[in-house]
Structure formats: structure tokens, C-alpha cells
Amino acid sequence: MFLSRAIASRTITIAPRAFAAATGTRTFSIGTDLTMKEKVEEDRFIRQKEHEDYMKRKAAKVPVAEQLSSQEEAAKVAHDHAVAEVFGILSKSGCTVSDEAIEDLANWKLNAT
């Protein structure tokens with residue numbers, strides 16, 4: 001009786017250690033993957049909404065021009081692309097800045113290239 005108790009208690013103390021050693025510290029699960037995916041989707045949605053709101057504010061400030069020349073149109077497209085890139089970089093870092101700072105960063109990028 002004493003021998004069976006000793007063997008049983010020894011098996012109980014060894015089994016969790018053996019199991020822990022076999023599995024290691026990997027804690028990946030489908031729940032973790034889904035949580036990470038949801039976070040990425042949330043960040044993408046927030047970035048898109050911030051960009052749309054910025055474009056609306058910018059359109060409200062600027063009066064509608066009759067007709068842009070091809071050079072002005074190309075400059076506007078390049079500027080809009082630079083603004084989108086600035087928003088992408090800032091969303092990765094989680095920073096929020098004013099509209100003026102975004103304009104300055106986009107202009108700096110266009111003038112630096």
C-alpha cells in the first residue's frame with residue numbers, strides 16, 4: 001500500500017513536468033491568431049477613416065477650381081499619394097498629428113525626391 005502511494009505520487013509530480021517540457025513555451029492558438037488579425041483589421045479601418053476625414057476637411061477648405069492643367073493635376077496626384085503614404089507610416093507607429101503636420105510631411109517628401 002505504501003509502495004503504490006509512493007509510485008502514484010511520483011507519477012503525478014513527474015507527469016506535468018514531462019508534459020511541460022514536451023510542449024515548451026509555445027502558446028500559439030487560433031484565438032491568438034484571430035485577435036492579432038482583428039487588431040490589424042481595426043488599425044486598417046481606423047487608418048482609412050482618418051484618411052477619409054482628412055480628405056473631407058481638405059476638400060471643404062479648398063474652393064473648387066474650374067479646370068486644372070495636366071501639370072497641376074499630376075502634382076495633386078503626387079501630393080495625394082504622399083499624404084496617403086504619410087498616413088500609412090503614422091498608423092504603423094500609432095502617432096496622431098495635426099493636418100498641418102501631415103501637409104508639411106507630404107511636402108517635405110515631395111521636395112526631397
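## Overall picture

Take "buried" to mean under 20% relative accessible area. By that cut-off, buried residues make up 12% of the 113 residues in this protein. Keep in mind that we're looking at a predicted model.

The fold is simple to list: the protein has 4 helices and 0 strands, so from the N terminus on the elements just read α-α-α-α. Among contacts with a separation of 6 or more, 70% link residues 24 or more positions apart. The accessible surface adds up to about 9,500 Å², and carbon and sulfur atoms own 63% of that.

## Helix α4 and its two sides

Helix α4 covers residues 99-112. With 14 residues, α4 reaches 20 Å from its first C-alpha to its last, close to the 20 Å expected at 1.5 Å a residue.

Which residues of α4 are buried? Asp99, Ile102, Glu103 and Ala106 are. They span an arc of only 100° around the axis, which means they sit on the same side of α4. Over on the other side, Asp104, Trp108, Asn111 and Ala112 are exposed. As for what the buried residues of α4 pack against, it's α2 (30-61) and α3 (70-93).

## The nonpolar core

The largest nonpolar core holds 8 residues in all: Tyr54, Ala82, Val83, Val86, Phe87, Leu90, Ile102 and Ala106. Both α3 and α4 supply at least two residues each, and the largest share, 5 residues, comes from α3.

Val86 is a handy place to look at this core up close. Setting aside neighbours within four places in sequence, Val86 is in contact with Ile102, Leu105 and Ala106. Ile102 and Ala106 are also on the list of core residues, and both are among the buried residues of α4.

## Two acidic residues on α4

Asp99 belongs to α4. Its relative accessible area is 17%, so Asp99 counts as buried. Which side chain does the side chain of aspartate 99 join in a polar contact? That of Arg57, at 2.7 Å. Not counting residues up to four places away in sequence, Asp99 touches Tyr54 and Arg57.

Glu103 is in α4 as well, and is another of its buried residues. The side chain of Glu103 makes a polar contact of 3.0 Å with the side chain of His79. With neighbours within four places in sequence left aside, Glu103 is in contact with Tyr54, Lys58 and His79. Tyr54 therefore turns up in the contacts of both acidic residues, given that contact means heavy atoms within 4.5 Å. Tyr54 is also one of the residues of the largest nonpolar core.

## The loop before α4

Where does valine 97 sit? In the loop between α3 and α4. Val97 has a relative accessible area of 38%, so it falls in the partly exposed class.

Not counting residues up to four places away in sequence, Val97 touches Leu90 and Ile102. Leu90 and Ile102 are both members of the largest nonpolar core. Phe87, also listed in that core, is 10 residues from Val97 along the chain, and their C-alpha atoms are separated by 9.7 Å.

Key. Residues numbered from 1 in each chain as written. Predicted model: local features only at pLDDT ≥ 70, side-chain atom pairs only at ≥ 80, totals over all residues. Heavy atoms only, no water. Buried < 20%, exposed > 50% of the residue type's maximum accessible area, 1.4 Å probe, protein only. Polar contact = N/O pair within 3.5 Å; in protein donor to acceptor, adjacent residues only side chain to side chain. Expected span 1.5 Å × (residues − 1). Arc of directions from axis to C-beta. Core = buried A, V, L, I, M, F, W, Y, C linked by side-chain atoms within 4.5 Å. Areas by Shrake-Rupley, 256 points an atom, 1.4 Å probe, with all protein chains shown as cover.
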